[in-house]
Amino acid sequence: MSRPHGHHLRYTHGPDENDQPGKGCRCGKCRAASTKNRARQRVAVIIGTHRPDEDARAAREHVTMLRDRGMDVPSIARAAGVGVNTVKELLYGGTKTVRPKTHAALLAVQAGDLNRPGLTSSLGTCRRVRALSAMGYPERVITRESRVSRKRVQALMSDCPPARVTAGTARKISEAYRRLTKSNPTAYGVDPDVAQRLRGLAAAKGWLSPAAWQDIDDPQETPTGVRRAS
């Protein structure tokens, strides 16, 4: 993973201006970021809030253990309340130290810790994106209206349900679902032939339209027209 320009770690650890590893970058953005970081540390020392960074090895070993037990990088980052790039930097970027707050947050995450606040069941979210597809809405419209990445929308469609989604993702999809189900795909610029083709594909996959659900979030609900296996 290549650190972005304008990051103090790129100034210290690289890659350099030509994206070559082995030495720090001395471009203007990285110099400025390094200067700003040193100034921030000096102020922290003066006012007594500075705490030396922790050795990254314990955090890296813990994150590696979490991955071995089935947690992916985004899940670890969400559970710890840190950025995905922070976890990637720890695993792949050669980071030698981490901030004390980050260190403690990562070590507090436990394997399978997908039930932390901020994460919620993905079942209703998966059903919603599939129901919109069954109405004839393409992924690009669902992505645009929900402001959830297309990659995430595709994952929700193809792997239903994954264990958890963030509450923010669930809320965005739910809001888009309410808007889109009040209209039809052509009102959102979808070609009628495209919408018809998507409805056929969804039907072949067994994806259900919004009309099939009374409570789309209820895992025990038997959708209209679907017989529950005994």
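**Exercise 1. Arg128**

Determine whether Arg128 is buried or exposed in this predicted model, and identify its surroundings.

*Solution.* Step 1: Arg128 has a relative accessible area of 10%. Residues under 20% count as buried, so Arg128 is buried.

Step 2: Arg128 belongs to helix 7, which covers residues 123-135.

Step 3: When neighbours within four places in sequence are set aside, Arg128 touches Ile173, Ser174, Tyr177, Ile216 and Asp217.

Step 4: With Asp217 there is also a polar contact, formed between the two side chains at 2.9 Å.

Step 5: A C-alpha separation of 9.9 Å lies between Arg128 and Thr181, although 53 residues separate the two along the chain.

**Exercise 2. Helix 3 and helix 5**

State how helix 3 and helix 5 are oriented towards each other, and which residues make the contact.

*Solution.* Step 1: The helices concerned are helix 3, residues 56-68, and helix 5, residues 84-92; their packing angle is about 105 degrees and their axes are 9 Å apart.

Step 2: Angles of 65 to 115 degrees count as roughly perpendicular, and the two helices are therefore roughly perpendicular to each other.

Step 3: Helix 3 contributes Ala56, Ala59, Arg60, Val63, Thr64 and Arg67 to the contact, while helix 5 contributes Val87, Leu90, Leu91 and Tyr92.

Step 4: Sorted by class, these are seven nonpolar residues, one polar residue and two charged residues.

**Exercise 3. The surroundings of helix 5**

List the buried residues of helix 5 and name elements that cover them.

*Solution.* Step 1: The buried residues of helix 5 are Val87, Glu89, Leu90 and Leu91.

Step 2: Their cover includes helix 1 (8-13), helix 3, helix 4 (73-80), strand 2 (97-98) and helix 6 (100-108).

Step 3: After helix 5 comes Gly94, with a positive phi near 75 degrees.

**Exercise 4. Ser146 and Arg147**

Establish which of the terms buried and exposed applies to Ser146 and which to Arg147.

*Solution.* Step 1: Ser146 lies in helix 8, residues 139-146. Its relative accessible area is 4%, so Ser146 is buried.

Step 2: A polar atom of the Ser146 side chain is 2.6 Å from the backbone oxygen of Ile142. The Ser146 side chain also reaches the backbone nitrogen of Val148, at 3.2 Å.

Step 3: Beyond neighbours within four places in sequence, Ser146 is in contact with Lys172, Ile173, Ala176 and Arg179.

Step 4: Arg147 is located in the loop between helix 8 and helix 9 (150-158). Its relative accessibility is 74%, so Arg147 counts as exposed.

**Exercise 5. Positive phi values**

Describe the phi values of Asp19 and Arg147, and give the setting of Asp19.

*Solution.* Step 1: Most residues other than glycine have a negative phi.

Step 2: Asp19 has a positive phi, near 65 degrees. Arg147 likewise has a positive phi, near 60 degrees.

Step 3: Asp19 is placed in the loop between helix 1 and helix 2 (28-47). With a relative accessible area of 46%, Asp19 is partly exposed.

**Exercise 6. The whole chain**

Summarise the protein chain by its secondary structure, burial, contacts and surface.

*Solution.* Step 1: The chain contains 11 helices and four strands.

Step 2: Of its 230 residues, 40% count as buried.

Step 3: Among contacts between residues at least 6 apart in sequence, 66% join residues at least 24 apart.

Step 4: The chain exposes about 13500 Å², of which carbon and sulfur atoms supply 49%.

Notes: Residues are numbered from 1 along each chain as its sequence is written. This is a predicted model: local features need pLDDT of at least 70, side-chain atom pairs count only at pLDDT 80 or more; totals for chains, interfaces and linings use all residues. Side-chain values use heavy atoms; hydrogens and water are left out. Axes are lines fitted to C-alpha atoms, for helices over the stretch in contact, and angles run from 0 to 180 degrees between N-to-C directions. Angles under 35 degrees count as roughly parallel, over 145 as roughly antiparallel, 65 to 115 as roughly perpendicular and the rest as oblique. Contact means heavy atoms within 4.5 Å. Ala, Val, Leu, Ile, Met, Phe, Trp, Tyr, Cys and Pro count as nonpolar, Asp, Glu, Lys and Arg as charged, and the others, Gly among them, as polar. Buried means under 20% relative accessible area, exposed over 50%, partly exposed in between (1.4 Å probe, protein chains only). A polar contact is a pair of N or O atoms within 3.5 Å; within protein, one must be able to donate a hydrogen and the other to accept it, and residues adjacent in sequence count only if both atoms are side-chain atoms. Accessible areas come from the Shrake-Rupley method with a 1.4 Å probe; for residues, only the protein chains shown count as cover.
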